[in-house]
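Got the viewer open? Here is a short tour, one selection at a time.

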Amino acid sequence: QGARECLLVGAELEGAPDGLEDAGSELSMLAEESCQSEDDLNFDTCDLQHLPKQALIDICDRVGLDMEQQVFPLLDLGLDAGGPEKKEHDHVDYVQGARECLLVGAELEGAPDGLEDA
């Protein structure tokens, strides 16, 4: 079965042999069902973009950052050329924010004792 999964992940589904498209979407649905929290991340079949919005927010919460108030402003999300009006954030924004929170969390884990409280 592992070889089949590798074939499905690596295959170009457009123009693939009959039945491969259905198997690919089946694999995608399985990934979505088993990819619901940070604990499910394996960066292979479950990556940040597969997580639901709340799980992405939870990643930042765990690190001690508020996605809306602290992370989005740093990433210049929510600002358009017309001014500081807030925009509706989409899933890609939350993925980008969670990725930033993971980077901050990794830096804090490697920080000398007491620095993460500063």
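**Stop one: a residue on helix 5**

Select Leu103 to begin: its relative accessibility is 48%, so it counts as partly exposed. You'll find Leu103 in helix 5. Keep in mind throughout that this is a predicted model. Now add Val63 to the selection and draw a distance between the two C-alpha atoms: Leu103 and Val63 are 40 residues apart along the chain, and the C-alpha separation is 9.7 Å.

**Zoom out**

Switch to cartoon for a moment. The protein chain has 5 helices and 0 strands, so the pattern along the sequence reads α-α-α-α-α. Color by accessibility and you'll see the buried part: 28% of the 118 residues of the protein chain. Among contacts with a separation of 6 or more in the protein chain, 41% are between residues 24 or more positions apart.

**Helix 5, end to end**

Select residues 91-109, which make up helix 5. Why does a span of 27 Å agree with this helix? At 1.5 Å a residue, its 19 residues should cover 27 Å, and the end C-alpha atoms are indeed 27 Å apart.

Next, pick out the buried residues of helix 5: Asp93, Tyr94, Val95, Gly97, Ala98, Cys101 and Gly105. Their packing partners are helix 3 (53-63) and helix 4 (67-74).

One name in that set is worth its own click. Asp93 sits in helix 5, and its relative accessibility is 6%; the cut-off for buried is under 20%, so Asp93 counts as buried. Show side chains here: that of Asp93 makes a polar contact with the side chain of His89, at 3.4 Å.

**Where helix 4 crosses helix 5**

Hide everything but helix 4 and helix 5. How are the two arranged? Their packing angle is about 90 degrees and their axes are 10 Å apart, so helix 4 and helix 5 are roughly perpendicular to each other.

To see who meets whom, select these two groups:

- From helix 4, take Met67, Glu68, Val71 and Phe72.
- From helix 5, take Asp93, Tyr94, Gly97, Ala98, Glu100 and Cys101.

Now move to Leu75, in the loop between helix 4 and helix 5. Beyond residues up to four places away in sequence, Leu75 touches Gln96, Gly97 and Glu100. Try a distance to Gln96 as well: 21 residues separate it from Leu75 along the chain, while the C-alpha atoms are 8.4 Å apart.

**Helix 3 and the core**

Bring helix 3 back. Its buried residues include Ala55, Leu56, Ile57, Ile59, Cys60 and Val63, and the buried residues of helix 3 pack against helix 4 and helix 5. Just after helix 3 comes Gly64, which has a positive phi near 100 degrees.

This is a good place to look for the largest nonpolar core, which has 18 residues. Select Leu48, Leu51, Leu56, Ile59 and Met67, the residues with the most contacts inside that core. Helix 3, helix 4 and helix 5 are the elements that give two or more residues to this core, and the largest share, 6 residues, comes from helix 3. In soluble globular proteins, nonpolar side chains tend to be buried together.

Which residues does Leu56 contact, leaving aside neighbours within four places in sequence? Expand the selection around Leu56 and you'll pick up Leu48, Leu51, Met67, His91, Tyr94, Val95 and Ala98.

**Last stop: the loop before helix 3**

Finish in the loop between helix 2 (20-33) and helix 3, where you'll find Asn42. With a relative accessible area of 41%, Asn42 is partly exposed. Show its side chain together with the backbone of the residues that follow. A polar atom of the Asn42 side chain lies 2.8 Å from the backbone nitrogen of Asp44. For the backbone nitrogen of Cys46, the distance to a polar atom of the Asn42 side chain is 2.9 Å.

One more click: Phe43, also in the loop between helix 2 and helix 3. Check its backbone torsions, since Phe43 has a phi near 60 degrees, which is positive in a residue other than glycine.

Conventions:
Residues are numbered from 1 along each chain as its sequence is written. This is a predicted model: local features need pLDDT of at least 70, side-chain atom pairs count only at pLDDT 80 or more; totals for chains, interfaces and linings use all residues. Side-chain values use heavy atoms; hydrogens and water are left out. Helices (H or I, at least four residues) and strands (E, at least two) are DSSP runs, numbered from the N terminus. The expected span of a helix is 1.5 Å times one less than its number of residues. Buried means under 20% relative accessible area, exposed over 50%, partly exposed in between (1.4 Å probe, protein chains only). Contact means heavy atoms within 4.5 Å. A nonpolar core is a set of buried Ala, Val, Leu, Ile, Met, Phe, Trp, Tyr and Cys residues joined through side-chain atoms within 4.5 Å. A polar contact is a pair of N or O atoms within 3.5 Å; within protein, one must be able to donate a hydrogen and the other to accept it, and residues adjacent in sequence count only if both atoms are side-chain atoms. Axes are lines fitted to C-alpha atoms, for helices over the stretch in contact, and angles run from 0 to 180 degrees between N-to-C directions. Angles under 35 degrees count as roughly parallel, over 145 as roughly antiparallel, 65 to 115 as roughly perpendicular and the rest as oblique.
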